Amino acid sequence: MFPLGGLLLTVAGLTLTGSVIGLVVLAPVFLLFSPVLVPAALLMALAVAGFLASGAFGLTGLSSLGYTLKQAMGVVQRAPEQIDYGKRRMAEAAGQMGQKTKDVGQAVQSRAEEAKRT
């Protein structure tokens, strides 16, 4: 384990040394091209943000469409039950109105008979 640890420590040291040398060499280049690199980096960041937002909006639209379709299919499946319920309610209402009309007719007839007697 000791030789492997020593080897890995040497490789880490070489990587750090190479990174520092690269930074020292490339720092003036970055400083020289920073008026171009900074706007380019901002443009790339905004483009990536735009693509991500577009994907999020598309996913939201698809899920909304799926929800609407699911609700519409549920309404279509429940429609026969609702129609039968409406028919029953109309039949009940018609029966109640018929009974009420019959009661009012009998009341009018009984008042007419009372009026004839007096």
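## A nonpolar surface patch

Eight names to look up first: I21, V25, L26, V29, F30, L32, F33 and L37 together make a nonpolar surface patch of about 770 Å². Keep in mind that what you're looking at is a predicted model.

Two members of that patch are worth a click. I21 sits in helix α1, which runs over residues 2-117. Its relative accessibility is 52%, and the cut-off for exposed is over 50%, so I21 counts as exposed. F33 is in helix α1 as well, but with a relative accessible area of 45% it goes down as partly exposed. That label follows because partly exposed covers the range between under 20% (buried) and over 50% (exposed).

For a sense of distance along this part of the chain, take F33 and T17: they are 16 residues apart in sequence, and their C-alpha atoms are separated by 24 Å.

## The annotated segments

UniProt, in an unreviewed entry, puts the annotation "transmembrane region" on residues 7-31 and 37-62. How much helix does the model give residues 7-31? That stretch is 100% helix and 0% strand, with its end C-alpha atoms 36 Å apart.

Residues 37-62 get 100% helix and 0% strand too, and there the end C-alpha atoms lie 37 Å apart. As for the patch, I21 falls within the annotated 7-31 range, and L37, another patch member, is where the 37-62 range begins.

## The chain as a whole

How many helices and strands does the chain have? The tally is one helix and zero strands. That helix is α1, residues 2-117.

Now for the overall dimensions. The C-alpha trace spans about 125 × 50 × 25 Å along its principal axes. The radius of gyration is 43 Å, whereas a compact globule of 118 residues would come in near 13 Å.

## Burial and surface

There's little burial to talk about here: buried residues make up 1% of the 118 in the chain. Buried, for this purpose, means under 20% relative accessible area.

The accessible surface of the chain comes to about 10600 Å². Carbon and sulfur atoms account for 74% of that surface.

Definitions and conventions: Residues are numbered from 1 along each chain as its sequence is written. This is a predicted model: local features need pLDDT of at least 70, side-chain atom pairs count only at pLDDT 80 or more; totals for chains, interfaces and linings use all residues. Side-chain values use heavy atoms; hydrogens and water are left out. UniProt positions are given in the numbering used here, feature names are shortened, and annotations may be inferred rather than shown by experiment. Helices (H or I, at least four residues) and strands (E, at least two) are DSSP runs, numbered from the N terminus. Patches are made of residues with over 30% relative accessible area and no salt bridge: like charges are joined within 9 Å, nonpolar side chains (Val, Leu, Ile, Met, Phe, Trp, Tyr) within 5 Å. Accessible areas come from the Shrake-Rupley method with a 1.4 Å probe; for residues, only the protein chains shown count as cover. A salt bridge is a side-chain nitrogen of Lys or Arg within 4 Å of a carboxyl oxygen of Asp or Glu. Buried means under 20% relative accessible area, exposed over 50%, partly exposed in between (1.4 Å probe, protein chains only). The radius of gyration is taken over C-alpha atoms; the globule rule is 2.2 Å times the number of residues to the power 0.38.
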